[in-house]
Amino acid sequence: MAAYVFGGAAPADPLTAFEPANNAKEMKTSRDRIITTHTGSLPRTLELSKLLVMREQGKPVDTAAFDSEVARCLDGVIAAQLDAGLDSINNGEAPRVGFSTYVTERMTGFGGEGRRKPTLDIQRFPGYAEHMARQIGVSEDLAKVWNTPLAQRAVQYDPTLAGVKAELASFDAALANRPQPLETFMTAASPGVVTTTMLRAENNPDYPTDRDYVLAVAREMKQEYEAIVAAGHVLQLDAPDLAMERVIMFGDDDLGTFLERVELHIEAINLALENIPADKVRLHVCWGNWQGPHQDDVPVAELLPILYRAKVRALSIPLGNPRHEHETVSFKTHPLPDHMLLMPGVIDVTTNYLEHPEVVANRICASVEAIGDRERVVAGTDCGFGTFASYEFVAQDVAWAKLKALSEGAAIATRRLWG
């Protein structure tokens, strides 16, 4: 088992046995003002990105140097979030090589190398494909995104929970001896994004169908989800598959076939969350955060009726980019369930344009108007700024400025909405 741990010695166990009556406080709402958060991944130090990629490739990495760089990066991302005025913060996913691929370091059953289908953007715009290839380049310093391992046999989560325990312990250590945020959260890959990123090998003897694979991953990942909530954090499930795979795995299929798969992934989410109260969980759905045309993205109106079945308290949806900002009105035709919060993305994470706080406030107020309740809107970002180590489209100093603009825009929206 390639357990994901920071150091050689086992860390102090920050967890007690999971119980339904867990330690996480009820998710915060915009009761008196518009509160702010983000989607999860934040810029890593260049050295940490390099070390993470080396670890993923199986190259030797000095444990002490890695631990030290993780701690240094964590200190920076937490300070930056607090300096930006964010209310609900996390560890920036600093210790993970990728928001979805990190699970291969915590689960057995993966191996070899698969090839994910290219996006429809790449297929329809060859000039764009060449442009992106020049921009990103080809280097051994890049994390695995399209050439990920396959599920070759039954997957099993590390029963010691070493990886998630180490990550929780490092987060706690970085939070100590500083001003405390209103709320903390930690992300985890959804069963759907795990199974559409690390594809099922066709000759997998344990999973004859994708459905078998998806539900098996749900049963294994539930251990990580329960550990995060038991440690006192809000759980955010990262599920871009619920929209993004329309232009990747299901790019050649009809909409109905894709929506059937979305239903399966929601079923898997609810299975994995069976022991966790809904008010401890937020769900992030997106169309992928690459800077491309996105002309074939599935409309959010097609997704909302299915997404509303998820056993979660909050729904995080990108509404701050030029392809999807107009879809805020979809929450009028498909009203948000009374028990749910909306975390609209009001900051684009793929360009270095710095949003004006007034623009941010406009977007926040549009979401409030669409759902008709200012208290159930929590302002966020479209997606993460560093979903994979070495893949970042926004300069680090601009990313922090964008988070500051998010807080400033929320303050303006508060004055408009509360007077």
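1. Let's start with Ala278. In this predicted model, Ala278 sits in the loop that runs between α9 and β6. Is Ala278 buried or partly exposed? Its relative accessibility is 24%, so Ala278 counts as partly exposed; the cut-off for buried is under 20%.

2. Now look at what Ala278 touches. If you skip the neighbours within four places in sequence, Ala278 is in contact with Lys311, Val312 and Arg313. Try a distance too: Asn289 is eleven residues from Ala278 in sequence, and the two C-alpha atoms are 27 Å apart in space.

3. Step back to the helix before that loop. Helix α9 covers residues 255-272, which makes 18 residues. From its first C-alpha to its last, α9 reaches 26 Å, close to the 26 Å expected at 1.5 Å a residue. Check the start of α9 as well: there, a side-chain oxygen of Asp254 comes to within 3.3 Å of the backbone nitrogen of Gly256.

4. Which residues of α9 are buried? They are Phe258, Leu259, Arg261, Val262, Leu264, His265, Ile266, Ala268, Ile269 and Ala272. Don't miss that Arg261 and His265 are on that list. The cover over these buried residues includes α6 (191-197), α7 (210-230), β5 (234-238), α8 (241-244), β6 (281-284) and α10 (300-307).

5. Over to another helix. Ser407 belongs to α13, residues 396-418. With 14% relative accessibility, Ser407 counts as buried. Beyond its neighbours within four places in sequence, Ser407 is in contact with Thr36, Ala84, Gly85 and Leu86.

6. Next, the empty spaces. Rolling a probe the size of a water molecule over the atoms shows where empty space is left. How many cavities of 30 Å³ or more does the structure hold? It holds two.

7. The largest cavity has about 70 Å³ of space. Its lining includes Thr39, Gly40, Ser41, Glu93, Phe99, Gln236, Asp238 and His284. Sorted by type, the residues of this lining are three nonpolar, seven polar and two charged.

8. The second largest cavity has about 40 Å³ of space. Thr37, His38, Thr39, Gln236, Arg282, Ser316, Met343, Gly380 and Thr381 line this one, and they divide into one nonpolar, seven polar and one charged. One thing to spot in the 3D view: Thr39 and Gln236 are in the lining of the largest cavity and also in that of the second largest.

Key: Residues numbered from 1 in each chain as written. Predicted model: local features only at pLDDT ≥ 70, side-chain atom pairs only at ≥ 80, totals over all residues. Heavy atoms only, no water. 1 Å grid on protein atoms, 1.4 Å probe; cavity = no way out; pocket = protein on both sides within 12 Å on 5 of 7 lines; lining within 4 Å. Points joined across faces, edges and corners; volume = space filled by probe spheres on them. Nonpolar A, V, L, I, M, F, W, Y, C, P; charged D, E, K, R; others polar. Helix = DSSP H or I, 4+ residues; strand = E, 2+ residues; numbered from the N terminus. Expected span 1.5 Å × (residues − 1). Buried < 20%, exposed > 50% of the residue type's maximum accessible area, 1.4 Å probe, protein only. Contact = heavy atoms within 4.5 Å. Polar contact = N/O pair within 3.5 Å; in protein donor to acceptor, adjacent residues only side chain to side chain.
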